[in-house]
Amino acid sequence: MKIIVLSGYGLNCEKETAFAFIECSRKLGINNVEVKIVHINEIIGNPGELKSSNILAIPGGFSYGDDTGAGNAFALRIKNNLLDEFQDFLSQDKLVIGICNGCQVLVKLIPEFSNLALIRNDVGNYQCRWIRVKVSPQSNSVWLQDLNELYLPIAHGEGKFFMDQSVLDQLIENNSVALRYVDEEGNYANLQFPCNPNGSTYDLAALSDKSGRVLALMPHPERGIFFTQQDNWPLEKEKSKRLDAAMPKYGDGMLIFENALKYFAQAL
């Protein structure tokens, strides 16, 4: 199993993302996992690197400083140099994840997402906080299989999914709605801040393509793979102690990476 985590031009979460895959393989006891951080220029110079991989991850950051809009320039670099190879990758039984800035890149590369945009947060500033999301009951995402609610961090200034009603209706029909923001009780946020931290239409936090193999999400699962990364871990530790329950080692972010590795581990 080979996993490529892209780097370059302002992407800055490649090490955390690669570590999440590595730690996940350790947790699951899967030994045949190769995780490589590869600069986009290396892929352009040697497309075979991408072709020989099972999973492609586009991590978070601020590619090209987001100067032409979040993810725009990096998406154009892929379109102008690797479009055929990228489309060929998508057509095969392989997995793709785009996290935060990577999500913004994927929205501009996946044809199903071409009529929507990720724009500036309604609150007008960068949001860095922990949020709750719920997996859509209709989602067929490989990455989210058998998951329900997740507690994950977000960190973005342009995380608002924006589209007209007809586009949203099509996404719902295609089962492309993957994650939606919810409140503490598990009810959809209904656009209310801070449960919906950016004003995203339909409380959208993540999208999946029709195949279920591509996941574009604004939350950062790689920053929530350990329980002690959570902002509320001291409180939850005390609750566990009083209930005489073991404190968990891993956080909800790990579950997303587990699904990806299990998908290929079963086939290999």
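Does glutamate 258 count as buried or exposed, and at what relative accessibility? In this predicted model, glutamate 258 has a relative accessibility of 7% and therefore counts as buried, the cut-off being under 20%. The views below begin with the helix that holds this residue.

**View 1. Glutamate 258 of helix α8 and its contacts.** Glutamate 258 is placed in helix α8, which spans residues 253–265. When residues up to four places away in sequence are not counted, glutamate 258 touches Cys24, Lys27 and Leu28. Of these contacts, Cys24 is itself among the buried residues of helix α1.

**View 2. Helix α1 and the elements that cover it.** Helix α1 comprises 15 residues, 14–28, and reaches 21 Å from its first C-alpha to its last, close to the 21 Å expected at 1.5 Å a residue. Its buried residues are Glu14, Thr17, Ala18, Ala20, Phe21, Glu23, Cys24 and Ser25. An α-helix has 3.6 residues a turn, so residues three or four places apart point the same way. The cover over the buried residues of α1 includes strands β1 (2–7), β2 (34–39), β3 and β4, together with helix α8. Just after α1, glycine 29 adopts a positive phi of about 70°.

**View 3. The open sheet of nine strands.** The strands follow the order β2-β1-β3-β4-β11-β10-β9-β6-β7, and their pairing is mixed. The edges are formed by β2 and β7 (149–156), each of which pairs on one side only. Neighbouring strands of this sheet are turned by 25° against each other on average, direction ignored.

**View 4. Strand β4 between β3 and β11.** Strand β4, residues 95–99, is mostly covered, with five of its five residues buried. In a regular strand the side chains alternate between the two faces of the sheet. In β4, Leu95, Ile97 and Ile99 point one way, Val96 and Gly98 point the other way, and all are buried. Strand β3 (residues 55–58) pairs with β4 in the parallel sense over four bridges. On this side, isoleucine 58 stands opposite glycine 98. Strand β11 (residues 214–217) also runs parallel to β4, and four bridges join the two. Here the bridge partner of glycine 98 is alanine 216.

**View 5. The β-α-β unit leading into strand β4.** Strand β3, helix α4 (residues 72–91) and strand β4 make a right-handed β-α-β unit. Tyrosine 64 is placed in the loop between β3 and α4. Although tyrosine 64 is not a glycine, its phi is positive, at about 55°. With a relative accessible area of 30%, tyrosine 64 is partly exposed.

**View 6. Glycine 212 in the loop between β10 and β11.** Glycine 212 is buried, with a relative accessible area of 0%. Apart from neighbours within four places in sequence, glycine 212 is in contact with Asn140, Ser141, Val142 and Trp143. Glycine 212 and leucine 95 are separated by 117 residues in sequence and by 8.7 Å in space, C-alpha to C-alpha. Leucine 95 belongs to strand β4 and is likewise buried.

**View 7. The two sides of helix α6.** In helix α6 (residues 165–173), Val167, Leu168 and Leu171 are buried. These residues lie on the same side of α6 because they cover an arc of only 100° around the axis. Gln165 and Glu173, on the other side of α6, are exposed. Strands β9 (177–182) and β10 (204–208) are included in what covers the buried residues of the helix. Asparagine 175, just after α6, takes a positive phi of about 60°.

**View 8. Backbone features of the loop between β9 and β10.** Asparagine 190 is placed in this loop. Its phi is positive, at about 55°, although asparagine 190 is not a glycine. Asparagine 190 counts as exposed, since its relative accessibility is 56% and the cut-off for exposed is over 50%. The same loop between β9 and β10 holds proline 194. A cis peptide bond joins phenylalanine 193 to proline 194, with omega at about 5°.

Technical notes
Residues are numbered from 1 along each chain as its sequence is written. This is a predicted model: local features need pLDDT of at least 70, side-chain atom pairs count only at pLDDT 80 or more; totals for chains, interfaces and linings use all residues. Side-chain values use heavy atoms; hydrogens and water are left out. Buried means under 20% relative accessible area, exposed over 50%, partly exposed in between (1.4 Å probe, protein chains only). Two strands pair if DSSP finds at least two bridges between them. A crossover is right-handed if, with the strands pointing away from the viewer, the path from the first strand over the helix to the second runs clockwise. The arc is that of the directions from the helix axis to the C-beta atoms. Contact means heavy atoms within 4.5 Å. The expected span of a helix is 1.5 Å times one less than its number of residues. Axes are lines fitted to C-alpha atoms, for helices over the stretch in contact, and angles run from 0 to 180 degrees between N-to-C directions.
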